Amino acid sequence: MSKAFTDEETPVPDGGEALPPRERDLPITQAGLARLRAELAELLAAGASESGGRRARVLTQVLKSVYVQEPSLVDGRVGFGTSVTVEEANGQRASYEIVGPDEADPARRQISVASPVARALLGKRAGDLVVLRRPRGDIEVTVVSVTVAPGDVAPPDVQTEDTER
């Protein structure tokens with residue numbers, strides 16, 4: 001139907017599917033999996049408001065389509081689940097944690113492994129120069145340190161890819 005014959009004011013009903021089906025499972029850190037599971041448990045315990053019910057459906061779908069990927073710190077290089085600190089020419093430093101797309105949280109400096117900044121950093125190590133393409137403009141930075149992200153230790157009830165599949 002042509003857009004001219006639709007009412008843009010009419011809300012679209014929230015169907016059973018909260019997300020389109022994924023072509024493949026996506027990686028997540030152990031800590032990210034635990035956070036999403038805890039959020040879902042809180043939503044279910046609180047009872048479903050309209051927005052809470054939709055978020056619960058989204059989380060349920062996400063949890064069915066992720067796998068735990070262990071941190072990858074090989075030869076001191078930036079990889080999934082690592083924390084990297086970079087420094088600009090003016091001495092300003094920033095740290096990022098490279099995580100799965102479903103757990104990215106800019107407020108916590110957690111960026112998706114698929115983001116332009118993460119893609120530029122992957123494989124780099126301390127001392128490497130990197131150009132970061134950011135919305136506020138490109139900037140050249142030096143990698144200062146690369147470590148396994150803190151807090152990425154599996155709680156006893158979290159299973160990894162090997163045990164779930």
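User: On a 1 Å grid over the protein atoms alone, a pocket is an open set of points where a 1.4 Å probe fits, with protein on both sides within 12 Å along at least five of seven lines. What is the volume of the largest pocket?
Analyst: This is a predicted model, where local features need pLDDT of at least 70, side-chain atom pairs count only at pLDDT 80 or more, and totals for chains, interfaces and linings use all residues. Residues are numbered from 1 along each chain, and side-chain values use heavy atoms, without hydrogens and water. A volume is the space filled by probe spheres set on the points, which are joined across faces, edges and corners. For the largest pocket it comes to about 200 Å³.

User: Which residues line the largest pocket?
Analyst: A lining residue has an atom within 4 Å of a pocket point. The lining includes Tyr96, Pro106, Arg109 and Ile111. It also takes in Ser115, Pro116 and Val117. The rest of the lining is Arg133, Arg134, Pro135 and Arg136.

User: How many helices and strands does the chain have?
Analyst: Helices (H or I, at least four residues) and strands (E, at least two) are DSSP runs, numbered from the N terminus. Along the sequence they follow the pattern β-α-α-β-β-β-β-α-β-β-α. The count is four helices and seven strands.

User: Where does Arg134 lie, and is it buried or exposed?
Analyst: Arg134 sits in the loop between β6 (129-132) and β7 (139-148). Contact means heavy atoms within 4.5 Å. Leaving aside neighbours within four places in sequence, Arg134 is in contact with Glu88, Tyr96, Val117 and Ile139. Its relative accessible area is 16%, and buried means under 20% (exposed is over 50%, partly exposed in between; 1.4 Å probe, protein chains only), so Arg134 is buried.

User: How many of the residues in strand β4 are buried?
Analyst: Tyr96, which lines the largest pocket, belongs to β4 and stands opposite Val84. Strand β4 spans residues 93-99 and is mostly covered. Its buried residues number five of seven.

User: How do β3 and β4 run, and how many bridges join them?
Analyst: Two strands pair if DSSP finds at least two bridges between them. The hairpin of β3 and β4 has four residues between the strands, and Gly91 there takes a positive phi near 95 degrees. Strand β3 covers residues 82-88 and runs antiparallel to β4, and the bridges that join them number five.

User: What is the bridge partner of Val99 in β5?
Analyst: Strand β5 covers residues 110-112 and runs parallel to β4, with three bridges joining the two. The partner of Val99 in β5 is Ser112.

User: Is Ser112 buried or exposed?
Analyst: Not counting residues up to four places away in sequence, Ser112 touches Val99, Gly100, Pro101, Ala104 and Ala118. Its C-alpha atom is separated from that of Asp102 by 7.9 Å, although the two are 10 residues apart along the chain. With a relative accessible area of 13%, Ser112 is buried.

User: Which element gives the most to the lining of the second largest pocket?
Analyst: The second largest pocket has a volume of about 150 Å³. Of the 13 residues that line it, the closest to its centre are Leu36, Glu39, Arg55, Asp102 and Glu103. Two elements give two or more residues to this lining, α1 (30-46) and α2 (50-64). The element that gives the most, with four residues, is α1.

User: Over which residues is the pLDDT below 50?
Analyst: pLDDT is the predictor's confidence in each residue, from 0 to 100. The chain has a mean pLDDT of 84, and 79% of its residues reach 70 or more. One stretch has 21 contacts in the model beyond near neighbours in sequence, yet its pLDDT is below 50: residues 153-165.
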